[in-house]
Amino acid sequence: MQAWRVHRNGEPAEVMAREEADRPEPGPGQVLLRVRAANLNFPDALLCRGHYQVRPPMPFTPGVEVCAQTPDGRRVIASPALPHGGLAEYAVADEAEVLPAPEALDDAEAAALLVGYQTGWFALHRRAALKEGETLLVHAAAGGVGSAAVQLGKAAGARVIGVAGGPDKAETARLLGCDMVIDRRGEDVVAAVKEATGGRGADVVFDPVGGAAYTQSAKCVAFEGRIVVVGFASGDIPAPALNHALVKNYSVLGLHWGLYRRHDPAAVRHCHDILTEYAAKGLIRPLVSERVPFAEAAGAVQRLADGATTGRLVVLPEEAAA
């Protein structure tokens, strides 16, 4: 089979190589998947760089999220079991974690439902307990996981303020449904949030960026607000001032969605049922900005790593992309 594999750490465009490889053999409790679409995520870039919390043995195939077909013909979504990731013709996954693909979504959209939307739902509902009528501030609102948080915030009845970098990403955030969009390149994020909320600030902040975004969040979070940290796409891991959290009476919450797969798999399936219902009602739909041919996967992962993308980039088999 054809697969993209990484033999050494570095920038995705430099270390990802398209190769002929053996079809992976499922282990106990695993299932072989024929990949129909592979959604790209920032962890794919981190895996290539050797900066992700999981370090699979080399050579490995990136791709942590797919829509695929099982040997018995089921159309499913799954997070492949590394080192046999989704940027290949075939991958393997733990059978217990394979979920039915929503009928309301095509292959590319379904491939983008698992990681980002589950992360967004657990962050907003299990960690931050977002309530109807509250104000939600979403950093990187035009990105993969940020776009999911925007749609989920609107589905929950929140007022959503999106932060994006540049006019194109700001327009994407508006199309996603943000009630207000702040272009961080030309506007003062803290001042804009405070003005929009009458000085109160945001009740919940969704932060997949870290660095300056977290600093801004701490300055414009409301009394009894909640900042949910879901990643550090900026590459800068902040060190929260706990005295500041005490004085302003807000919470800093961490969200690592993968831990729920291990500690509470029933909650993951419950979330999937909710997301499937949302998709059927049209409340959510992954924004697939590019459907990338398999041959161009390495360049697409690099653009994602460089922050040069909006929405979701989904890699398709050559015949499907054509």
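Begin the tour by selecting Arg34 and Tyr90: Arg34 stands opposite Tyr90, which belongs to strand β6. The structure on the screen is a predicted model, in which local features need pLDDT of at least 70 and side-chain atom pairs count only at pLDDT 80 or more, while totals for chains, interfaces and linings use all residues. Residues are numbered from 1 along each chain as its sequence is written, and side-chain values use heavy atoms, with hydrogens and water left out.

**Strand β3 and its partners**

Select residues 30–39, which form strand β3. Strands (E, at least two residues) and helices (H or I, at least four) are DSSP runs, numbered from the N terminus. Seven of the ten residues of β3 are buried, so this strand is largely enclosed by the rest of the structure. Here buried means under 20% relative accessible area, exposed means over 50%, and partly exposed lies in between, computed with a 1.4 Å probe on protein chains only.

Add residues 90–94, strand β6, which is antiparallel to β3 and joined to it by five bridges. Two strands are said to pair if DSSP finds at least two bridges between them. In general, strands of a sheet pair through backbone hydrogen bonds, either parallel or antiparallel.

Next add residues 66–69, strand β4, whose antiparallel pairing with β3 has four bridges. Within β4, Val66 is the bridge partner of Ala38. Then add residues 312–316, strand β15, which pairs with β3 in the antiparallel sense over two bridges. Ala38 has a bridge partner in β15 as well, namely Val315.

**Helix α2**

Select residues 42–49, helix α2, in which six of the eight residues are buried. The buried residues are Pro43, Asp44, Ala45, Leu46, Leu47 and Cys48. To see what covers them, display β1 (2–6), α1 (12–15), β2 (16–20), β3 and α12 (297–305), which are included in the cover. Contact in this tour means heavy atoms within 4.5 Å. After α2 comes Gly50, with a positive phi near 80°.

**The six-stranded sheet**

Move now to an open sheet of six strands, with the order β10-β9-β8-β11-β12-β13 and parallel pairing. At its edges stand β10 and β13 (251–254), each with a single partner strand, so one side of each has no neighbour in the sheet. On average, neighbouring strands of this sheet are turned by 20° against each other, direction ignored. Axes are lines fitted to C-alpha atoms, for helices over the stretch in contact, and angles run from 0 to 180 degrees between N-to-C directions.

Select β11: six of its six residues are buried. Three bridges join β11 to β8, and the two strands run parallel; Val138 is found opposite Phe206 in β11. With β12, β11 runs parallel over five bridges, and Asp207 faces Val229 in β12. Strand β12 (residues 221–229) is joined in turn to β13 by four bridges, again in parallel. Arg226 has Ser251 as its bridge partner in β13.

**Helices across the sheet**

Select residues 114–127, helix α4, of whose 14 residues eleven are buried. Among these buried residues are Tyr117, Trp121 and Phe122. Helix α4 lies across β8 (135–138), β11 (202–207), β12 and β13, and runs at about 150° to β11. After α4 comes Ala129, whose phi is positive, near 50°.

Helix α8 lies across β8, β11, β12 and β13, and runs at about 160° to β12.

**The pair α7 and α8**

Two packed helices are described by the angle between their axes and the distance between the axes. Select α7 (residues 189–196) together with α8 (residues 212–220): they pack at an angle of about 30°, with axes 9 Å apart. That angle makes α7 roughly parallel to α8. Angles under 35 degrees count as roughly parallel, over 145 as roughly antiparallel, 65 to 115 as roughly perpendicular and the rest as oblique. To view the contact, show Val189, Val190, Val193 and Lys194 of α7, which meet Gln216, Lys219 and Cys220 of α8.

**Last stop: Arg185**

Finally, select Arg185, located in the loop between β10 (180–183) and α7. This residue is exposed, with a relative accessible area of 60%. Leaving aside neighbours within four places in sequence, Arg185 is in contact with Gly165 and Gly166. Select Ala164 as well: it is 21 residues from Arg185 in sequence, and 8.2 Å from it in space, C-alpha to C-alpha.
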